[in-house]
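Student: I have a structure here that I have not seen before. Can we go through it together?
Tutor: Yes, let us look at it.

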Amino acid sequence: MRLLAVDDDESALELLRGALSDSGYNNHVAVTSGAEALDILNKPHASFDVFLLDIQMPGIDGIALCEQIRAMPRYRNAPVVMITAMSERHYIEGAFAAGAMDYVNKPFDPMELGVRIGMAEKLVEQARLATEARSEVDRLKSSGTQVMNFDVADPVAIEDVPRVLSYLAMENYLLRLTRRMIGQSEAVAFRIDSFDLLFSRATPTEIYDILSDTAEAIVSGLKREHHLVTYCGNGAFVAVMHKQSGIHDPDILVTVQALLDRIQPCYSDGSPCPVSLRMGEIHAPRAWIAGNPLKLLTVPLKSVLSDKDNGVPFEREVA
Amino acid sequence: MQNAAASTEKHGDAFAQSVAAVRTRFLATLDERGAELDVLMELADAGEDPNACFKRAAGIVHKISGVAQTLGFPELGQLAATAEQLMTAAVAPGASKSDFATATRSVDDVVLAIEAAIA
């Protein structure tokens, strides 16, 4: 696995190199600016699997660099881990919204860094398998055979919709928030009605397109400046937002549904596929009882999932 | 700088070796960084483009806060992180003279911690 580390502080880079070597990651390149990183990435034969980016750098900062890396087709899914001293919420949120998969605070613990990069390595392997699977799907499609390549409960990563994170990235985002930040947040879930039925009737590509359209309608319909959305499987989405006064906004669902109706999801043969959404209650934890930050995901989810399918994907224990 | 890796250090030793090497260089530059912080605060007090002085000082303490704890200076790292936050707030729109004074004092604390680290 090949890593590219970018930090304007050479001391920080040297410590990072030592930590990476101790974790067995010896194939890495380190540069001190975003411009240098882009120069390397634009070379035809340059290839990296994981990116480690500092945020605060002169010139192109880490968040802008993350966006530019994401815009390169071959790095669209490559894990980006921010390694930074910036702990304010807008930096954390900006990093994940730009496509970061994880966020490690400086001063970093070398063992924790190794664990985080290990998670990134697993994603690289999953992406490789997914690419192989897509090739197989394409081959079967061309021969007229349909295959399912994800399950109804899988939290498929919705790509190409701004502010929509993978489920894992959303978990990592929430785990970086302080108790005070959690107390300043609220979350709400949406679910596609009769998703099981829809899933059984549509192809994986059609389902993915419907999920992507729905995510787009949710992101646009929330009309908030700071919100992040993830798809959780079973036709359910969760949006995490900054708390605002007047949180019980009955118009949210109406707005999101109207946008979705305007997008007009359809099957691949062009026939319409009307999608109806329901919305759960807004979950707004109090700062002093905020507890497990992942409850910002799991509590709203339970409000839209029935008893039959209220399993939450990858539910992670937090001490 | 570009360092194609291919590290040959024995597994487990590389980070300790990095810390030792960086610590030596860090200590060698601390005195200079402390002096620069002092000059910048004096210039800011004298009204010499205080925002530019604070931004430059914030850049210095940012680099200190990123590595100081790892190198065995946790208090210096914490004070530098606090000073960076306060200086950022002091140059933000709507900041008051009191924000400015608080940020300046936080930089003084960093300079004192630097002096203690190199004593």
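Student: How many salt bridges are there over all chains?
Tutor: A search of the whole structure gives 12. A salt bridge here is a side-chain nitrogen of Lys or Arg within 4 Å of a carboxyl oxygen of Asp or Glu. This is a predicted model, where local features need pLDDT of at least 70, side-chain atom pairs count only at pLDDT 80 or more, and totals for chains, interfaces and linings use all residues. Residues are numbered from 1 along each chain as its sequence is written, chains are lettered from A and ligands numbered from 1 in the order in which they are written, and side-chain values use heavy atoms, with hydrogens and water left out.

Student: Which side chain meets Asp7(A) in a salt bridge?
Tutor: That of Lys106(A), at 2.6 Å, N to O.

Student: And where do Asp7(A) and Lys106(A) lie?
Tutor: Asp7(A) is in the loop between strand S1 (3-6) and H1 of chain A, and Lys106(A) is in the loop between strand S5 (102-105) and helix H5 (110-142) of chain A, so the pair ties together parts 99 residues apart in sequence. Helices (H or I, at least four residues) and strands (E, at least two) are DSSP runs, numbered from the N terminus.

Student: Now the interface. How many salt bridges are there across chain B and chain A?
Tutor: The rule finds two. In a salt bridge between the chains, the side chain of Arg25(B) meets that of Glu14(A) at 2.3 Å, N to O.

Student: Which helices of chain B supply at least two residues of the side that touches chain A?
Tutor: Helix H1 (14-45), helix H2 (50-67) and helix H3 (74-90) of chain B each do. The largest share, eight residues, comes from H1(B).

Student: How many residues does each chain bring to the contact?
Tutor: Chain B brings 29 and chain A brings 34, where contact means heavy atoms within 4.5 Å.

Student: How much area do they bury between them?
Tutor: About 2,400 Å², 55% of it on carbon and sulfur atoms. Buried area is the accessible area (1.4 Å probe) that two parts lose on being put together, summed over both.

Student: Changing topic, which residues line the largest cavity?
Tutor: Among them are Leu13(A), Leu16(A) and Phe108(A), and also Asp7(A) and Lys106(A), the salt-bridge pair from before. H1(A) gives the largest share of the lining, three residues. On a 1 Å grid over the protein atoms alone, a cavity is a set of points where a 1.4 Å probe fits but cannot get out; lining residues have an atom within 4 Å of a point.

How values were computed
On a 1 Å grid over the protein atoms alone, a cavity is a set of points where a 1.4 Å probe fits but cannot get out, and a pocket is an open set with protein on both sides within 12 Å along at least five of seven lines; lining residues have an atom within 4 Å of a point.
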